[in-house]
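Hello,

Here is the structure I promised to pass on. Please open it alongside this note; what I found follows below.

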2 protein chains.
Amino acid sequence: MYEGAVQELIDELGRLPGVGPKSAQRLAFHILEADGDDMKRLVNAITTVKERVKFCAICGNVAEQETCGICRDTRRDPSMICVVEESKDVIAVERTRSFRGRYHVLGGAINPIAGVGPDQLRIRELLNRLTDEQIKEIIIATDPNLEGEATATYLVRMLKTIGIPVTRLASGLPVGGDLEYADEVTLGRAFEGRRSMS
Amino acid sequence: MYEGAVQELIDELGRLPGVGPKSAQRLAFHILEADGDDMKRLVNAITTVKERVKFCAICGNVAEQETCGICRDTRRDPSMICVVEESKDVIAVERTRSFRGRYHVLGGAINPIAGVGPDQLRIRELLNRLTDEQIKEIIIATDPNLEGEATATYLVRMLKTIGIPVTRLASGLPVGGDLEYADEVTLGRAFEGRRSMS
């Protein structure tokens, strides 16, 4: 055990996700020995995010204003909504430059074990958008894992009754990957989703 | 790219050691979504460490006062000094409960490639202690790697001229380890340092 303040810092750092006891100790000593101005910038960055960053009132993405940059951008196509789990996924899709519509961030995926049901996600907000906005297509881009699939299935079933076309991102072999290393579920999906080349 | 404040936080977190771009993003979103009070405690812990924690005037260990808890502890044997590279090593040795003397923290190890020579380490401070204090044994506990060994060799050579007994922690097979998985240098050391059982 270290003397008070150092141990307290190690404890606080150890509460962060993915930071084990060893990393917490290493980070604490880095902070201890680091330049004071660098650490002031870190502290300011944390404080600013907590004070200033909110979630977009329309799509739930991170935003420094009432709405996020994408929802405010009039050049984006308002008739397409891409539904994702987290704000991080918005960035991932934006990086592809293949989508010019808007987003809806659910804030997670259905996970009964963790106690996350449809009511804990921003699904009601999505439904409200469908009545207010002119939507032509909803693209479901939840993660290709158990929770993401469950969420996608739930959304598809719910949206079908409203009559708006719903699509889901393709599953298959990752580009640049090796067929022999693909797991059987992915390879199975790649077969199911095979496309005509002729 | 995220909007200003979030991206700034990701950048600052990414400057911490062992935090790559993905971890920085994950940490930033954790901070964003975390309870405000938890984050205040983290910020306070960082600020407190930067403001209050200093290095012990005697041994160089972390300390909240002029000297550290170990140097102030009168029950510790002042005639033995265990020389380590970092404050972290003090904790590691303390955990063994097999040493009741005092420490001297060098602040690193000799590493010519990184530009760390004897002058960058707290070696002069160690020599000063030898003239002031009644020392019967110096135990060198630098890391068992290239830099630690170089530092140990340097210290042994220097301390020999002063005539104080110097010892070095034993190298050998780690307890609970597997002989067949030991690297050849460790196994070689274990042979060199073999002890009579009869």
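**The Toprim span and its sheet**

UniProt, in an unreviewed entry, lists residues 79–174 of chain A as "domain: Toprim". Please keep in mind that this is a predicted model. Residues 79–174 of chain A are 36% helix and 17% strand. The C-alpha atoms at the two ends of that span lie 29 Å apart.

Now the sheet. It is open and has four strands in chain A, ordered E4-E3-E5-E6. The pairing is parallel. Strands E4 (102–105) and E6 (166–168) of chain A are at the edges. Each has a single partner strand, so one side of each is left without a neighbour in the sheet. On average, neighbouring strands are turned by 25 degrees against each other, direction ignored.

Look at one pair in detail. Strand E5 (residues 137–140) of chain A pairs with E6(A) over three bridges, in the parallel sense. There, A:Ile138 stands opposite A:Val166 of E6(A).

Two helices deserve a look as well:

- Helix H6 (residues 123–132) of chain A lies across E3 (80–84), E4 and E5 of chain A, at about 150 degrees to E4(A).
- Helix H7 (residues 146–160) of chain A lies across E3, E5 and E6 of chain A, at about 165 degrees to E6(A).

**The zinc finger region**

UniProt also lists residues 56–71 of chain A as "zinc finger region: C4-type", again in an unreviewed entry. This stretch of chain A is 19% helix and 12% strand. Its end C-alpha atoms are 8 Å apart.

Best wishes

Notes:
Residues numbered from 1 in each chain as written. Chains lettered and ligands numbered in written order. Predicted model: local features only at pLDDT ≥ 70, side-chain atom pairs only at ≥ 80, totals over all residues. Heavy atoms only, no water. UniProt positions renumbered as here; feature names shortened; annotations may be inferred. Pairing = 2+ DSSP bridges. Axes fitted to C-alpha atoms, helices over the stretch in contact; angles between N-to-C directions. Contact = heavy atoms within 4.5 Å.
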